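Me: I am a first-year student, and I would like to understand how the words used for a protein fold are justified. Could we go through them one at a time, setting each value against its definition?

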Amino acid sequence: MRELVTVIKTIRIGIHKEVHRCKREALERTKDIYNAVIAFYIDFFAAHLHVLDEPVQVRKKDGSIKERRRTNQELLTFAEFHTLATKAHPNPGWPLDEHVPSAEGMPTELRRAAINQAIGKVRSWWSHLKTWEETTPDRRMREPQLGAPNEPVTFYAGMVEHPAYDLNPQKKKRHTFISLKLHTGQKWEKVSLPVVVHARAEALLAGSALEKERIARERKRSKATQAGSGEEKGDRTWVAKSLTVYGKRDKRYPGGVRYAIHIPMEKSVDKPRKAEEQRRANPQMPVVAVDLGVGRLAVMGAFVEGRLAATRFVDGRALNPRRHRLLTAIHRKRKQSGRLQPGVQDNANLWNKIRNLDENAAKQTAVAIVRFAREHGARVIVFEHLRRYRPPKEKMSRSGRKNHKRAYWLRGQIMKWVRDLAFREGILTVERNPAYTSQVCPHCKVLGERKGPRFTCKNPNHRYSADADFVGMMNLYRKWTKTFVYPRRGDDPKPGVA
């Protein structure tokens with residue numbers, strides 16, 4: 001029986017720039033109430049810490065008794081029992097409506113989302129606090145604090161509606177709306193927000209709607225027949241989950257805030273076996289080796305049945321000069337402005353440009369690597385293990401050193417994105433020791449010489465010269481197959497090795 005794992009990705013849908021002022025105020029008001037409810041339940045659980053650790057006894061199917069801690073659902077029920085007035089319990093000990101009057105009439109699912117946020121925060125704080133008390137008797141480290149919540153509003157999937165109407169029918173361009181229940185100042189009511197949905201997100205949401213309908217039919221059929229689990233995940237379709245509304249400071253938008261909706265998508269994939277198990281089962285399995293660099297962001301090689309089947313280069317030579325120019329401009333403006341003010345971000349626009357450049361390059365490179373691996377049927381991608389950054393020995397300007405450091409950090413960003421994207425396709429990423437990968441000939445295994453981007457083999461009977469990044473990629477594959485021979489400096493070339 002195959003084992004499935006769940007993978008997650010998030011799509012972002014922007015709320016239209018010209019959203020009405022009343023709707024913007026409703027979003028802000030809803031966020032304030034939501035965080036006030038979270039703060040109330042944080043105080044509630046902080047005053048009832050015993051329920052987090054207190055064991056409860058449950059009876060197993062075989063009749064035996066076991067002890068466990070309360071689940072999140074049980075903690076939520078406990079909180080609602082002591083904070084909400086009902087017919088059976090009209091006088092709770094911690095009434096929510098008295099402490100947060102604006103929460104009166106709050107949708108049940110939105111309130112439960114706030115309670116779950118509070119449970120997660122208090123559990124994390126309580127765990128860190130106990131660890132701090134046990135491991136830091138001299139109290140040198142700062143005591144963990146709960147702090148004030150400032151969370152984006154989470155709407156469960158059942159709280160979202162997609163009205164099929166258009167507020168501007170006379171225009172050719174059709175608008176898309178999402179309806180959320182917000183606090184408009186007087187009461188909680190549905191508010192339609194104009195959103196900008198790109199084609200990829202629209203296709204994912206349409207597929208998610210069809211998948212949810214199919215799952216509902218399967219569950220209904222299973223209840224009628226009283227057989228089966230009621231949900232099959234064999235088609236591997238992305239399914240939308242609870243969305244979250246984020247607000248980001250942006251002076252270009254009305255009110256100085258840009259709103260966006262983040263929707264996590266889930267699907268199930270086969271859990272891949274460990275990379276070493278796959279290698280032992282099939283030593284000549286398709287593998288992609290990747291050498292990350294500065295001039296070239298990535299050099300990829302696909303090895304099929306032990307032979308190099310394809311190679312691809314991702315050029316990044318235009319990225320470094322552009323980043324260097326922006327860093328130079330930042331350094332020049334800092335010298336003109338004098339001492340920096342504490343707590344004030346200097347040259348925010350230029351820093352955003354640099355971050356966007358690096359993030360865009362990392363994402364595009366990662367997509368190219370995963371697509372290359374998928375095209376050649378690879379189940380493993382081999383990288384070199386990145387060591388701690390070491391500054392260059394040659395003399396460089398301040399902006400040059402900063403540019404060199406950010407170019408090195410970019411490799412880690414690429415690996416992070418590849419690890420995430422590849423696992424969604426059932427592909428594993430592994431790392432190998434980078435020692436001598438660009439200094440040993442991949443054919444005769446003799447220590448060569450690297451000058452800049454070129455590698456030259458020192459074996460007199462084997463004249464070989466190639467790109468150093470390409471040689472590093474070839475040797476990474478040798479390390480994957482455990483056929484790489486580590487040389488010792490000072491060894492004479494061995495002419496007999498060919």
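Me: Which residue stands opposite Arg454 in strand 17?

Reply: The residue opposite Arg454 in strand 17 is Asp467. The model is a predicted one, in which local features need pLDDT of at least 70 and side-chain atom pairs count only at pLDDT 80 or more, while totals for chains, interfaces and linings use all residues. Residues are numbered from 1 along each chain as its sequence is written, and side-chain values use heavy atoms, with hydrogens and water left out.

Me: How do you know that strand 16 and strand 17 are paired?

Reply: Strands are DSSP runs of type E with at least two residues, whereas helices are runs of H or I with at least four, and both are numbered from the N terminus. Two strands pair if DSSP finds at least two bridges between them. Strand 16 (residues 454–456) and strand 17 are joined by three bridges and run antiparallel, so the requirement of at least two is met.

Me: What makes strand 15 and strand 17 edge strands?

Reply: The open sheet has three strands in the order 15-16-17, with antiparallel pairing. Strand 15 (449–451) and strand 17 (465–467) each pair on one side only. The twist from one strand to the next averages 25°. Helix 11 (residues 468–480) lies across strand 15, strand 16 and strand 17, and runs at about 90° to strand 17.

Me: How many bridges join strand 7 to strand 9?

Reply: Strand 7 (residues 239–240) is joined to strand 9 by two bridges and runs antiparallel to it, so this pair satisfies the minimum of at least two. Within it, Ala240 stands opposite Met265. Strand 9 (residues 257–270) also pairs with strand 1 (residues 4–15), in the antiparallel sense and over eleven bridges, and there Ile8 has Glu266 as its bridge partner. A further antiparallel pairing, over six bridges, links strand 8 (residues 243–249) with strand 9, where Tyr246 is matched with Ala260.

Me: Why are helix 1 and helix 3 called roughly perpendicular?

Reply: Axes are lines fitted to C-alpha atoms, for helices over the stretch in contact, and angles run from 0 to 180 degrees between N-to-C directions. The axes of helix 1 (residues 21–47) and helix 3 (residues 72–83) cross at roughly 100° and come within 11 Å. Angles under 35 degrees count as roughly parallel, over 145 as roughly antiparallel, 65 to 115 as roughly perpendicular and the rest as oblique. The two helices are therefore roughly perpendicular to each other.

Me: Which residues make the contact between helix 1 and helix 3, and of what class are they?

Reply: Helix 1 contributes Phe40, Tyr41, Phe44 and Phe45, while helix 3 contributes Leu75, Phe78, Ala79, His82 and Thr83, contact meaning heavy atoms within 4.5 Å. By class, there are seven nonpolar, two polar and no charged residues in this contact. Here Ala, Val, Leu, Ile, Met, Phe, Trp, Tyr, Cys and Pro count as nonpolar, Asp, Glu, Lys and Arg as charged, and the others, Gly among them, as polar.

Me: What is the strand order in the sheet of five strands, and which helix packs on that sheet?

Reply: The five strands form an open sheet in the order 12-11-10-13-14, and the pairing is mixed. Its edge strands, each paired on one side only, are strand 12 (307–315) and strand 14 (428–432). Strand 10 (residues 287–292) and strand 11 (residues 296–304) run antiparallel and are joined by six bridges, with Ala289 opposite Gly301. Helix 9 (residues 348–375) packs on this sheet, touching strand 10, strand 11, strand 12 and strand 13 (380–384), and its direction makes about 10° with that of strand 11.

Me: Where is Arg69 placed, and what is in contact with it?

Reply: Arg69 lies in the loop between strand 3 (65–68) and helix 3. Leaving aside neighbours within four places in sequence, Arg69 is in contact with Leu52, Asp53, Glu54, Val56, Glu74 and Lys130.
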